[in-house]
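Reader: I am new to this structure and would like a close look at a single part of it. Please choose one strand and its surroundings, and take me there step by step.

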Amino acid sequence: MKKRTKRIIIPILAIILLGYLIPERKAMPCGTTADFNHTSFWHWPWTRGTSGHPHTGVDIFGRVGTPVHSQTGGIVLYAREMKGKAGNSVLILGPKWRIHEYFHLNTIEAKPFTLVMPGEQIATLGKTGNAANTPAHVHYGIVTPIPYVWRLFADEGTCNPPKRFNWMLMFFLDPKDHLIP
Ligand SMILES: [Zn+2]
């Protein structure tokens, strides 16, 4: 390997590895474990009358204005309204290069490209995006930009979701595993 190539590749590998050394924890961003349906990840069909993909996260129900805390420490990648279904949204890059998504928020406290600590308040629970006509909740999802190929054959969901959506399982993880203390 050329010296200059080494000088670039080694720091990149070190940074990637470092992301895996940051510990993860189990915690609720808001409410308690009673405030979400434990089978809501990969539920299908999720919204009545749609033929869309299975549900890619869990919905944690609560009152509008309830503080939402970051499940993880990390870097805020996005903190504003997202056009379409998600409404006011916060995306946080956490340990293992996983992106934690919080949708349908009321107010947003987190600032883009700043660090947040685990448990720091980032927003309040709301009804924005396609949650306008549903009970107020925060949609919490965990996305890995590095595809977990083995999950292509995973058997997720309690209602036999069609296997044609399985490619999405390589990117969406079950947030429940990160919620129950
Ligand atoms: Zn949802």
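Author: The chain contains two helices and nine strands. This is a predicted model. From the N terminus on, the elements run α-β-β-β-β-β-β-β-β-β-α. The part chosen here is strand S4 (87–93), and a few remarks on the whole chain help to place it.

The C-alpha atoms fill a box of roughly 60 × 40 × 35 Å along the principal axes. A compact globule of 181 residues would have a radius of gyration near 16 Å, and the 17 Å of this chain agrees with that. Buried residues make up 34% of the 181 residues. Of the contacts with a separation of 6 or more, 64% are between residues 24 or more positions apart.

Now to S4 itself. Six of its seven residues are buried, so the strand is largely enclosed by the rest of the structure. Helix H1 (residues 3–21) offers a contrast: of its 19 residues, the number buried is zero, so H1 lies largely in the open. That helix reaches 27 Å from its first C-alpha to its last, close to the 27 Å expected at 1.5 Å a residue.

S4 pairs with S3 and with S5. With strand S3 (74–82), the pairing is antiparallel and has seven bridges. One pair of bridge partners is Arg80 and Ser89, the latter in S4. The two strands form a hairpin with four residues between them, and Gly84 in the turn has a positive phi of about 105°.

S4 and strand S5 (99–105) also run antiparallel, joined by five bridges. Here Leu91 has Glu101 of S5 as its bridge partner. This hairpin has five residues between the strands, and within it Lys96 takes a positive phi near 60°. Trp97 also lies in the loop between S4 and S5. Its phi is positive too, about 60°, although Trp97 is not a glycine. Trp97 counts as partly exposed, with 16 other C-beta atoms within 10 Å.

After S5 comes a loop that leads to strand S6 (115–116), and Phe113 is found there. Phe113 is another residue other than glycine with a positive phi, near 60°. With 9 other C-beta atoms within 10 Å, Phe113 is exposed.

The next step is the nonpolar core. The largest one has 27 residues, and those with the most contacts inside it are Val68, Val90, Tyr102, Leu105, Ala123 and Val138. S4 supplies at least two residues of this core, and so do strand S1 (58–61), S5, strand S7 (121–124) and S8. Val138 shows how parts of the chain meet here. Leaving aside neighbours within four places in sequence, Val138 is in contact with Pro29, Cys30, Ile60, Val68, Tyr102, Phe103, His104, Leu105 and Leu125. Among these partners, Val68, Tyr102 and Leu105 are themselves on the list of residues with the most contacts inside the core.

Back on the other side of S3, Gly73 lies in the loop between strand S2 (67–69) and S3. Not counting residues up to four places away in sequence, Gly73 touches Gly94, Val116, Met117 and Pro118. The C-alpha atoms of Gly73 and Leu115 are separated by 7.4 Å, although the two residues are 42 apart along the chain. Gly73 has 18 C-beta neighbours inside 10 Å and counts as partly exposed.

Two places away from this part complete the tour. In the loop between H1 and S1 is Pro45, and the peptide bond from Trp44 to Pro45 is cis, with omega near -10°. Thr158 is in the loop between strand S8 (137–143) and strand S9 (172–173). Thr158 is exposed, with 12 other C-beta atoms within 10 Å. The C-alpha atoms of Thr158 and Lys6 are separated by 48 Å, and the two residues are 152 apart along the chain.

To return to the part requested: S4 is largely enclosed, with six of its seven residues buried. Its antiparallel partners are S3, over seven bridges, and S5, over five.

Notes. Residues numbered from 1 in each chain as written. Predicted model: local features only at pLDDT ≥ 70, side-chain atom pairs only at ≥ 80, totals over all residues. Expected span 1.5 Å × (residues − 1). Buried ≥ 20, exposed ≤ 12 C-beta atoms within 10 Å, placed from the backbone. Rg over C-alpha atoms; globule rule 2.2 N^0.38 Å. Contact = placed C-beta atoms within 7 Å. Core = buried A, V, L, I, M, F, W, Y, C linked by C-beta atoms within 7 Å. Pairing = 2+ DSSP bridges.
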